[in-house]
Amino acid sequence: PKQYEYILTSKPDPSVALITLNRPKALNALCSPLFDELNEALAGYDADPEVGAIVLTGSEKAFAAGADIKEMRDKQCAFSDVYKNKFLENWTAITNLRKPIIAAVSGYALGGGCELALSTDIILASPTAKFGQPEINLGVIPGAGGTQRLARAIGKSRTMELVLTGRNFSAREAEAWGVVSRVVGEGEGEVVKEAIEMAKVIAGKGQLAVQAGKEAVNAAYEGSLIEGLRTERRLFHMMFATSDQKEGMSAFTEKRKANFTHS
Ligand code: CO8
């Protein structure tokens, strides 16, 4: 695999890509070069026909402690600078990926780190995970979707409290509120192992159906109910033009395991 400065990449299974944020001295603060590397690695795995799902993780202490405050500090008042240079606009690239991304979160997921996790498809949390949008303490507000994605996930009142007080919320709160799909067992590396297992399960399905499923769920999250239902029906109809649909349904009636060809 390619050597990066701020991330590590590997394939724990031929069908699963693992990206580990690796800027330990700054608790994985998301500086611009880190994000460029992350986007490059994600695009590479999205295009890799062998890979069916991607796991994104950080360290035990921090998934990511936010955007890089030291990098942002000197940008103050320079609207023309940040606007012309599309400051942090590359943060949205992750949401355009076809393949599912699972975030395995241990330790701090704050500010942009919380928003990065919220931009993935599934979040698994270790009991040590600490989420939060502390931007208010820095004199700013979340800028990578935090106010929008949290409001949809956990409602207005909770989001207001978090965004306006800047307090952290625990893995258990995140689970109770539906921010994460589940909190996994204690122990170092447990959450990453569980995410890899889940990624393997997903990668074992027909990839056309997986990607259509992701698109349909995102339609529920991003748009109105009527548009979402229309998108779902269209994608559902499309599935009947695939070999995987014929194979999946034949395998069921013939009482055997399906052999999907992703076509
Ligand atoms: N940026 C830069 N450096 C950081 C960051 C950060 N976000 N977080 C931690 N670091 C650095 C520290 O400065 C320190 O460096 P050094 O050793 O050189 O002093 C090192 O990481 C270790 O950190 P601490 O010594 O502070 O470690 P502690 O265990 O004492 O505390 C905390 C851990 C509580 C996580 C603490 O580091 C902290 O509060 N960090 C900042 C959290 C924060 O405010 N995050 C939000 C940032 S703003 C943001 O994310 C806006 C997103 C907008 C995105 C817009 C996209 C379009």
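Trainee: How do you know that strand β7 and β10 pair in this model?

Mentor: Keep in mind that the model is predicted. Two strands are taken as paired if at least two bridges are found between them. Strand β7 (residues 122-125) and β10 are joined by two bridges, in the parallel sense, so they meet that cut-off. You can find Ala125 opposite Val183 in β10.

Trainee: What makes β1 and β2 a pair, and in which sense do they run?

Mentor: Five bridges link β1 and β2, and their sense is antiparallel. The cut-off is at least two bridges, so they count as paired. One place to look is Thr9, whose bridge partner in β2 is Ile19. The connection from β1 to β2 is a hairpin of two residues.

Trainee: Why is the sheet that holds β1 and β10 called open, and which are its edge strands?

Mentor: Six strands make up this open sheet, in the order β1-β2-β3-β5-β7-β10, and the pairing is mixed. The edges are β1 (7-13) and β10 (182-183), each pairing on one side only. Helix α1 (residues 32-47) packs on the sheet, where it touches β1, β2 (16-21) and β3 (53-57), and its direction makes about 25° with that of β1.

Trainee: What about helix α8: which strands does it lie across, and at what angle to β3?

Mentor: Helix α8 (residues 190-203) lies across β1, β2, β3, β5 (101-105) and β7, and it runs at about 165° to β3. Angles run from 0 to 180 degrees between N-to-C directions, so a value of about 165° puts α8 and β3 in nearly opposite directions.

Trainee: What makes β4 and β9 edge strands?

Mentor: They belong to an open sheet of four strands, ordered β4-β6-β8-β9 with mixed pairing. Both β4 (62-64) and β9 (168-170) pair on one side only. Neighbouring strands here are turned by 25° against each other on average, direction ignored. Strands β4 and β6 run parallel and share two bridges, with Ala62 standing opposite Tyr108 in β6.

Trainee: Why can the protein be called as compact as a globular protein of its length?

Mentor: The protein has 11 helices and 10 strands. Its radius of gyration is 19 Å, and the globule rule gives 18 Å for 263 residues; the two values are close, so the protein is as compact as a globular protein of that length. The C-alpha trace spans about 65 × 45 × 40 Å along the principal axes.

Trainee: How many residues of domain 1 and of domain 2 are in contact?

Mentor: The division is into domain 1 (7-203) and domain 2 (207-253), with C-alpha centres 26 Å apart. Seven residues of domain 1 are in contact with five of domain 2. On the domain 1 side, the touching residues divide into two nonpolar, one polar and four charged.

Trainee: And which residues come nearest to the ligand?

Mentor: There are 20 residues around the ligand, and Gly66, Leu88, Gly111, Gly112 and Gly143 come nearest. The elements giving two or more residues to this shell are α2 (69-73) and β6 (108-110).

Trainee: How does that shell divide into nonpolar, polar and charged residues?

Mentor: The shell has 13 nonpolar residues, four polar and three charged. Glycine is counted as polar, so Gly66, Gly111, Gly112 and Gly143 fall in the polar class.

Definitions and conventions: Residues are numbered from 1 along each chain as its sequence is written. This is a predicted model: local features need pLDDT of at least 70, side-chain atom pairs count only at pLDDT 80 or more; totals for chains, interfaces and linings use all residues. A residue is near a molecule or strand if its C-beta atom, placed from the backbone, lies within 6 Å of it. Two residues are in contact if their C-beta atoms, placed from the backbone, lie within 7 Å. Domain bounds come from an automatic or database domain assignment. The radius of gyration is taken over C-alpha atoms; the globule rule is 2.2 Å times the number of residues to the power 0.38.
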